[in-house]
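The following exercises concern a single protein chain and are to be worked with its sequence and coordinates at hand. Each task is followed by a solution in steps.

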Amino acid sequence: QAVLAGDTHRFNTLVERYQSRVYGVCVRMVGDADMAADVAQDAFISAAILSTSDCFALLFEVASRYLM
């Protein structure tokens with residue numbers, strides 16, 4: 001919610017902290033680097049909108065939904 005209020009620093013911190021893990025999961029699930037990057041990006045955007053205390057779990061869940 002802070003991101004929606006314009007706090008891009010928090011969003012950048014979220015991306016920096018989890019980007020490689022989320023992307024790695026997506027690559028393993030999709031098998032295509034470009035598609036994995038798109039799914040990971042969508043996951044981060046959704047996480048910024050939904051906000052939760054366990055960011056990685058949310059990011060993984062959102063990425064998994066895109067792959068179904």
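**Exercise 1. Determine in which element Gln-41 lies, and whether Gln-41 is buried, partly exposed or exposed.**

Solution. The model is a predicted one. Step 1: Gln-41 belongs to helix 2. Step 2: the relative accessible area of Gln-41 is 48%. Step 3: buried requires a value under 20% and exposed a value over 50%, with partly exposed in between; Gln-41, at 48%, is therefore partly exposed. Step 4: for its placement in space, take Leu-59, which is 18 residues away along the chain; the two C-alpha atoms are 9.7 Å apart.

**Exercise 2. Carry out the same classification for Ala-40 and for Ile-45, and state which residues Ala-40 touches beyond four places in sequence.**

Solution. Step 1: Ala-40 is located in helix 2, and Ile-45 is in helix 2 as well. Step 2: Ala-40 has a relative accessibility of 6%, so this residue counts as buried. Step 3: Ile-45 has a relative accessibility of 39% and is therefore partly exposed. Step 4: beyond four places in sequence, Ala-40 touches Val-22, Tyr-23 and Cys-26. Step 5: two C-alpha distances complete the description. Ala-40 and Ala-63, 23 residues apart along the chain, are separated by 6.2 Å. Ile-45 and Val-15, with their positions 30 residues apart in sequence, are 9.8 Å apart.

**Exercise 3. Describe the largest nonpolar core and identify which helix gives the most residues to this core.**

Solution. Step 1: the core comprises 15 residues, and those with the most contacts inside it are Leu-14, Tyr-18, Val-22, Cys-26, Phe-44 and Leu-59. Step 2: two or more residues come from each of helix 1 (8-30), helix 2 (33-50) and helix 3 (55-67). Step 3: helix 2 makes the greatest contribution, with 6 residues. Step 4: consider Phe-44 individually. Setting aside neighbours within four places in sequence, Phe-44 contacts Phe-11, Leu-14, Val-15, Tyr-18, Gln-19, Val-22 and Leu-59.

**Exercise 4. Examine the geometry of helix 1: how far apart are its end C-alpha atoms, and where is its kink centred?**

Solution. Step 1: helix 1 has 23 residues, for which a straight helix would reach 33 Å at 1.5 Å a residue. Step 2: the end C-alpha atoms of helix 1 are only 29 Å apart, short of that value. Step 3: a kink of about 55 degrees is centred on Tyr-18. Step 4: the buried residues of helix 1 are Leu-14, Val-15, Tyr-18, Val-22, Gly-24, Val-25 and Cys-26. An α-helix has 3.6 residues a turn, so residues three or four places apart point the same way. Step 5: just after helix 1, Gly-31 adopts a positive phi of about 80 degrees.

**Exercise 5. Summarise the whole chain and state which element has the lowest mean pLDDT.**

Solution. Step 1: the protein contains 3 helices and 0 strands, in the order α-α-α from the N terminus. Step 2: of its 68 residues, 31% count as buried. Step 3: the accessible surface is about 4,500 Å², and carbon and sulfur atoms account for 52% of this area. Step 4: among contacts with a separation of 6 or more, 54% join residues 24 or more positions apart. Step 5: the mean pLDDT is 80, and 78% of the residues score at least 70. Step 6: helix 3 has the lowest mean pLDDT among the elements (74), whereas helix 1 has the highest (88). Where pLDDT is low, the predicted coordinates should not be read in detail.

Terms used. Residues are numbered from 1 along each chain as its sequence is written. This is a predicted model: local features need pLDDT of at least 70, side-chain atom pairs count only at pLDDT 80 or more; totals for chains, interfaces and linings use all residues. Side-chain values use heavy atoms; hydrogens and water are left out. Helices (H or I, at least four residues) and strands (E, at least two) are DSSP runs, numbered from the N terminus. Buried means under 20% relative accessible area, exposed over 50%, partly exposed in between (1.4 Å probe, protein chains only). Contact means heavy atoms within 4.5 Å. Accessible areas come from the Shrake-Rupley method with a 1.4 Å probe; for residues, only the protein chains shown count as cover. A nonpolar core is a set of buried Ala, Val, Leu, Ile, Met, Phe, Trp, Tyr and Cys residues joined through side-chain atoms within 4.5 Å. The expected span of a helix is 1.5 Å times one less than its number of residues. The bend at a residue is the angle between axes fitted to the seven residues ending there and the seven starting there. pLDDT is the predictor's confidence in each residue, from 0 to 100.
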